[in-house]
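The following exercises concern the architecture and the helix packing of a model with more than one chain. Each task is followed by a solution in steps.

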Amino acid sequence: MTIWLIILFGGITTYLTRLSMILLFSRWKIPAWLQRALRLVPAAVFSAIIAQEVFAPSGKLNLSLNNARILAAIFASGVAWKTRNVLLTILIGMVTLWVFNWLM
Amino acid sequence: MTQAIPNSRPFIEEFWRGFRAELPLLLGVMPFGMIYGVLALTAGISPAQAQAMSALVFAGSSQFIATQLIAVNAPIYLTVFTILVVNLRHILYSASIAPYLQHLPPIWKVFLPYLLTDEAYAVTIAEFQKHSEVSPTAAHGFFLGAGLTLWGSWQASTAIGVFLGTVVPQNWSLDFTLALTFIAIVVPTLKDRAIVTAAVVASLVAVLAVGLPYKLSLIVAAFCALLAGYFIGER
């Protein structure tokens, strides 16, 4: 039941963000400061998730060398920066993770 | 100046042009949808719910984050609020595409935003901006074609992922594909000071606050990052 409510309200709020300015267009303009803040949302949210998944995979900080996710993330970041290819980034990251986990 | 191209193409032709423009992007979207389907099941979401979320929320990144919060039994309001924060960027898309839809009847203005995803927005705004003046005729056919193409592939890839989720062994660490997907999205955007600041602050706070219940650390980290990025980028 909880999950269904999340889906329903998550769906409604997401739709409203998409509808917002198409409906309000002639009445309200986004102020410049808000526009600048909104631009940062993806980097802010996604970086937080990346950091937790990489440095604290099971909810506990793990900065030791046997955390293969750190190395995998570094390799993947290099690939992402060079190629901007989503598929290749995921592939290299997973292969790095598997190889280092297997070696350790 | 670019020459004004009178847009006299019929609606159905615009639709197919939108469809074709969207196709290359599916290469990134389909694996994303499949990974979502797999992760949803590992978070304890049922196949029907996973599919319903793809249909109703229809926003990949926020669906991923929702699965994380559902996995730790976070309260409903917190999960919905987190989905909202992740999807705030759509307000920008909505604002930038709005001028091109103003001439349409209300039914279009209410339906088309449902299809306003990152990927449909990307190809549609590129198409709209190619024409130096706003076409009053059938340009929304392009948006509809691109949007429905993405919609179909998102639903299909979710279904495939949900199916695979019951087959793929747990020890493949497939949950790490979430971090990798976001790395692929964020790393190429780290080009100006405000964004880099936001990314660094978000990472630090998220790691330091990881012990907070219900993944509250994500929201706390995101807001610290927005503030830091905003004020440091200002100077």
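**Exercise 1. Determine how many residues each chain contributes to the contact between chain A and chain B, and characterise the side of chain A.**

Step 1. The contact takes 59 residues from chain A and 70 residues from chain B, where two residues are in contact if their C-beta atoms, placed from the backbone, lie within 7 Å. The model is predicted: local features need pLDDT of at least 70 and side-chain atom pairs count only at pLDDT 80 or more, whereas totals for chains, interfaces and linings use all residues. Residues are numbered from 1 along each chain as its sequence is written, and chains are lettered from A and ligands numbered from 1 in the order in which they are written.

Step 2. On the side of chain A that touches chain B, the elements giving two or more residues are α1, α2 (32–39), α3 (41–55), α4 (68–83) and α5 (86–103) of chain A. Helices (H or I, at least four residues) and strands (E, at least two) are DSSP runs, numbered from the N terminus.

Step 3. The most comes from α1(A), which gives 20 residues to this side.

Step 4. By class, the side of chain A that touches chain B divides into 40 nonpolar, 14 polar and five charged residues. Here Ala, Val, Leu, Ile, Met, Phe, Trp, Tyr, Cys and Pro count as nonpolar, Asp, Glu, Lys and Arg as charged, and the others, Gly among them, as polar.

**Exercise 2. Decide whether chain A is compact or spread out.**

Step 1. Chain A has five helices and zero strands, in the sequence pattern α-α-α-α-α.

Step 2. The radius of gyration of chain A is 19 Å, well over the 13 Å that the globule rule gives for 104 residues, so chain A is more spread out than a compact globule. The radius is taken over C-alpha atoms, and the globule rule is 2.2 Å times the number of residues to the power 0.38.

Step 3. The C-alpha trace of chain A spans about 60 × 40 × 25 Å along its principal axes.

Step 4. The domain assignment, which is automatic or from a database, gives chain A domain 1 (1–30) and domain 2 (40–103). The C-alpha centres of these two domains of chain A lie 31 Å apart.

**Exercise 3. Carry out the corresponding analysis for chain B and its domains.**

Step 1. Chain B contains 12 helices and zero strands.

Step 2. With a radius of gyration of 20 Å, close to the 18 Å that the globule rule gives for 235 residues, chain B is as compact as a globular protein of that length. Its C-alpha trace spans about 60 × 50 × 30 Å along the principal axes.

Step 3. Chain B is assigned domain 1 (11–172) and domain 2 (190–235), whose C-alpha centres lie 25 Å apart. Their contact takes eight residues from domain 1 of chain B and five residues from domain 2 of chain B.

Step 4. On the side of domain 1 of chain B that touches domain 2 of chain B, α4 (60–71) and α5 of chain B give two or more residues. The largest share, three residues, comes from α5(B).

**Exercise 4. Describe how α1(A) packs against α5(B) and against α6(B).**

Step 1. Helix α5 (residues 76–87) of chain B packs with α1(A) at an angle of about 30°, with the axes 9 Å apart. Axes are lines fitted to C-alpha atoms, for helices over the stretch in contact, and angles run from 0 to 180 degrees between N-to-C directions. This makes α1(A) roughly parallel to α5(B), the term for angles under 35 degrees.

Step 2. The contact involves residues including A:Leu5, A:Phe9 and A:Thr13 of α1(A), and B:Val80, B:Ile83 and B:Leu84 among those of α5(B). The residues of this contact divide into seven nonpolar, seven polar and no charged.

Step 3. The axes of helix α1 (residues 2–24) of chain A and helix α6 (residues 89–97) of chain B come within 7 Å and cross at roughly 30°. The helices α1(A) and α6(B) are therefore roughly parallel to each other.

Step 4. Among the residues that meet are A:Leu19 and A:Ile22 in α1(A) and B:Ile91 and B:Ala95 in α6(B). The contact of α1(A) with α6(B) comprises six nonpolar, four polar and one charged residue.

Notes
Angles under 35 degrees count as roughly parallel, over 145 as roughly antiparallel, 65 to 115 as roughly perpendicular and the rest as oblique.
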